[in-house]
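Q: Please take a close look at the metal site of the structure shown here. A connected account would be welcome.

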Amino acid sequence: MDNVALSVLAHPDDAEFLCAGTVIRLAREHGWLAHIASMTAGDCGSADRLPEDISKIRRSEGATAAALVGGVYHCLEERDLLLFYNERALEKVTRLLRAVRPRIVLTHSPADYMLDHEVTSSLVRAAVFAAPAPNFLRDCQHGPPLEHVPHLYYCDPIEGKDALGRDVTPDFCVDISGVIQTKKAMLASHASQREWLLKHHGIDHYILAMRDWGARRGQAIGVNYAEGFRQHLGHGYPQDNLLQTLLGASQKSKVKSQK
Ligand SMILES: [Zn+2]
């Protein structure tokens, strides 16, 4: 498989909050190709536009953000708040994996504040395991099965908490201090969301929230900004930490000792 990183998250701007800094570093420092996918087009992300209108805008914003890192945006065309673990959604994620053929896959934490995120996490976990199996969805005319299961990582849940408000501690953090400006520019590409929140809250909370969270994770490892991850280490999944090897991420013990 090629040096490709794929993030599959629920909504068009989730990658820019959770893992864009890591993707930027893989692209810039190691020449990896970035693919950024969302399960939905964010059709509920507006108070004054119809679902089809805001979806069109948000697909375009996702593509603009991905292009800033030379990447490709994919929308799997499910719908906000109607995301389920079913055959259709699993088929879409598997098709994408077999087309893009990533070595590293990033998705939501299995426990997050929102069910769309948790369902996406389950779908991606299953699809990553299934994509190398030749008989899985054999009739769907996908590309060839993957050679093996890619490395799977879970991003921090939003605000680092599960649905019961408990802290979710990352296994390791990736230093994104050197790419925070590009991450901000990618997030700012989602202008419809930024404007909506600016109007609603009266402050530019959209960018500030991302920056503040990055600073908090950075603090845990003694850098300005970081992103936290946990690796899926179940049977059949790669056991070596490729992301940590590539980006010199800090060890779990360091995260815990400084918490
Ligand atoms: Zn989301």
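Q: Is His117 buried or exposed, and which residues coordinate the zinc ion?

A: This is a predicted model, in which local features need pLDDT of at least 70 and side-chain atom pairs count only at pLDDT 80 or more, while totals for chains, interfaces and linings use all residues. Residues are numbered from 1 along each chain as its sequence is written, and side-chain values use heavy atoms, with hydrogens and water left out.

His117 is buried, at 1% relative accessibility; buried means under 20% relative accessible area, exposed over 50%, and partly exposed in between, with a 1.4 Å probe and protein chains only. The zinc ion is coordinated by ND1 of His11, by OD atoms of Asp14, which is listed twice, and by NE2 of His117, at 2.1 to 2.4 Å. Donors are N, O and S atoms within 2.8 Å of the metal (3.2 Å for Na, K and Ca); water is not among the atoms, so the site may look incomplete.

Along the chain, the donors follow the spacing H-x2-D-x102-H. His11 lies in the loop between strand E1 (4-9) and helix H1 (14-18), whereas His117 belongs to helix H5 (residues 115-130), so that the pair, 106 residues apart, links distant parts of the chain. Helices (H or I, at least four residues) and strands (E, at least two) are DSSP runs numbered from the N terminus. His11 is also buried, with a relative accessible area of 10%.

The arrangement is irregular because the 4 donor atoms subtend angles of 56 to 134° around the zinc ion. Four donors count as tetrahedral if all angles lie between 85 and 135 degrees; four count as square planar and six as octahedral if opposite donors are over 155 degrees apart and all others between 65 and 115; anything else is irregular.
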